[in-house]
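Reader: I should like to examine how the descriptive terms applied to this model are justified. Please set each value against its definition.

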Amino acid sequence: MKKFVTGILGSAAMVLMSAAAGSAATLDDVKAKGFVQCGVHTGLAGFAAPDDQGNWKGFDSDFCKAVAAAVFGDPEKVKFTTTNATERFTALQSGEIDLLARNTTWTLSRDTSLGFNFTGVNYYDGQGFMINAAKLPGINSALQLSGAAICVQTGTTTELNLADYFRANNMEYNPVVFQGFDETNAAYEAGRCDAYTTDQSGLYALRLTLANPDEHVVLPEIISKEPLGPLVRQGDDQWFDIVKWTLFALIQAEELGITQANVEEMKGSDNPEIKRILGQEPESKIGAMLGLENDWVVKVVAGVGNYGEMFERNIGQESPLKIARGLNQLWTKGGLQYAPPLR
Amino acid sequence: MASTEVLRADTSARVSWKNDPRIRGIIFQVLVVVILAAAVYWIWGNTVDNLRRANISSGFGFLDRRSGFDVSQSLIQYTADSSFRSALIVGLLNTILVAVCGIITATIIGFLVGVGRLSGNWLIAKICTVYVEVFRNIPPLLVIFFWYLGVLSVLPGPRDSLELPFSSYLNNRGFFLPKAIWEESAWLIPAALVVGIVVAFILNRWAYRRQMQTGQPFPRLATSLGLIIGLPLLVTLLLGIPVSFEFPQKGTFNLSGGFQVKPEFLSLYLALSFYTASFIAEIVRAGILGVNRGQTEASYALGLRSGLTLRLVVIPQAMRIIIPPLTSQYLNLTKNSSLAVFVGYPDLVQIGQTTMNQTGQAIEVVAIWMVIYLGLSLSTAAFMNWFNAKMALVER
């Protein structure tokens, strides 16, 4: 019921919100309240999940902290709002959250008619399938799934890709659609479905939480492009720029070899590019142009590390997920992560 | 009323219009209407303003766009190529399906349990009491989870389905029955059913009139049942049973073919039926206890046997007490069916949510939900009011 109510409340906010309140600049609002309100997943290991002390850990929640570090110089000045797949958009539209970092696929309609701006891609993903190999020994390709019951979460691009993929391959399937992440997982684990489909990163994260992770196999096919990224409301270019360039700064820092450990030391570097991005040039405007302090990149990297560190710590080799960098490697190393010049 | 008029007539010469209660009444009513209209105007303008400023497109144009998602259970032809409008209609029909099935079952269970609680048999009465107290005091969502996670999902998987009589199977993917495939001549069977109903109806009216005039009773129930069941049966036999069955077959993943009832539907339907039945049972009990004992005694004194007393004296009077609260239980059941989202049954709310997310038209979808639920509730209420008026005391 909660999600249903949130949907209605979101609309109610849209109906009742006084015209004056929403038009103020998000940066001023955020500074006035003293924290960034960030929408994250209800609990996806590696991307955003609370640890046993209740601290949010994950790739997406770290991005929220990076934005807080850029604005306040302190990565802890962030509050998290958990959102499921259906309530995330109303939460952002209604102004309940300042930014959404929740494995959200960048699509044209979301960018336009929903009234959002995607600030870039923090994770290049693709949709896949997972099956229980112990129960279905002969299956090793998604093309063998004709007739299968497939668990999927509602309100996602996943649901649409699934329909497209089975139609394109002339296969039948039986969608079992749930609203919440936990309900979907429970149904898959109980054997209600033969296969589970979502972004591959999500499948790996989910597999860790199942009773017997080794029984479950992610099939090799990737059936869609899922560029996941943080997003903000349309109509506030300054806030859009801050979030966008925070992401680029993280990527650029990795490219320049600036890490959480050496960022203070790097301030004294002779490399003009490093000096520029860290705001150490005389008369630097690297922060002023965004309405931030000039050493904002220093604070971001000191707070959460660079893009590569965030990746490895949460979902890469240093984490239980052990996802390879793949497409998310820097462009200089054969991947797609590429930041425009910070100058 | 009369006294105030007298008062007013007495004092009207001296009292100014400001103190005239009638004029005051009118002024306040006009004021309330103006405030209400202003509020609606403000909310409307504000919404349009906010939507425009947030760059969110609005309007119902999205209904004609291709939906792009599939639905597991549909009463009409629907594919991912159909429009959002069709998707919402599929959801609405699924809501109506579960509500109608639930209402019928809940009424039957409710009447049995309600009468059972009044039974002289100690065991039956206690079992019925326990049933009512258990289901009435559990939130409906838990009852749904009980059926979905506690009963249906612990059934064996498709590979070792439970075999039931008549080639039907039960597993954690649902209930599988042989599907009847009718030959072309089979349309005569429903036709015979319609004829049977019409003839039975006419016969009943004739029998009623004859009994009123001559006092001669006629075995109405037996002949009606004979006509309604016997006629189609006779036609079926004459046509040489024009039906074949498609049996569920084991496929790679699941049983295929046959007629399937999905666990999502089953759990929601059973939960709503059992939950609402506990309330209906209490309403029925109250209705029967509400009929004065003197009525039964008077009827016995007139020489009516106990069956006839129940049918002609007690039940008609009890129905007058039962029907109004029964209506609100039917409305509750229909509205509770929106809990479907938690077990993945594609009802109006679930499909609406998917639509909302794929299009971002939250306000429009919420408006559609409200209008449809309001419409469903008002039509149920209208039907029950009509039924109530029919059952109400007719004074002669």
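Author: A residue is called buried if 20 or more other C-beta atoms lie within 10 Å of its own. The model under discussion is a predicted one.

Reader: What makes α11(B) mostly covered?

Author: By that cut-off of 20 or more other C-beta atoms within 10 Å, 12 of the 12 residues of α11(B) are buried. They run from L348(B), V349(B), Q350(B), I351(B), G352(B) and Q353(B) to T354(B), T355(B), M356(B), N357(B), Q358(B) and T359(B). The helix is therefore described as mostly covered.

Reader: How do you know that the span of α11(B) is close to the expected one?

Author: The expected span is 1.5 Å times one less than the number of residues. Helix α11 of chain B, residues 348–359, has 12 residues, for which 16 Å is expected, and its first and last C-alpha are 16 Å apart. Just after α11(B) comes G360(B), with a positive phi of about 80 degrees.

Reader: Why is α12(A) called largely enclosed?

Author: Of the nine residues of helix α12 of chain A (296–304), eight are buried, so the rest of the structure largely encloses the helix. Those buried are W296(A), V297(A), V298(A), K299(A), V300(A), V301(A), G303(A) and V304(A). Their cover includes α3 (59–72), α9 (237–255), α10 (263–266), α11 (272–277) and α13 (307–314) of chain A. After α12(A) follows G305(A), whose phi is positive, near 85 degrees.

Reader: What makes residues of chain B count as being in contact with chain A, and how many are there?

Author: Contact requires C-beta atoms within 7 Å of each other. On that basis, 39 residues of chain B are in contact with 45 residues of chain A. The elements of chain B that give two or more residues to this side are α2 (21–53), α11 and α12 (362–391). Of these, α2(B) gives the most, with seven residues. The side of chain B that touches chain A divides into 15 nonpolar, 20 polar and four charged residues; Gly is counted among the polar ones.

Reader: Which domains does chain A have, and how do you know that they touch?

Author: The domain assignment gives domain 1 (2–124 + 228–333) and domain 2 (127–224). Their C-alpha centres lie 29 Å apart, but contact is judged by C-beta atoms within 7 Å. In chain A, 17 residues of domain 1 are in contact with 15 residues of domain 2. The side of domain 1 that touches domain 2 comprises nine nonpolar, seven polar and one charged residue.

Technical notes:
Residues are numbered from 1 along each chain as its sequence is written. Chains are lettered from A and ligands numbered from 1 in the order in which they are written. This is a predicted model: local features need pLDDT of at least 70, side-chain atom pairs count only at pLDDT 80 or more; totals for chains, interfaces and linings use all residues. Helices (H or I, at least four residues) and strands (E, at least two) are DSSP runs, numbered from the N terminus. Two residues are in contact if their C-beta atoms, placed from the backbone, lie within 7 Å. Domain bounds come from an automatic or database domain assignment.
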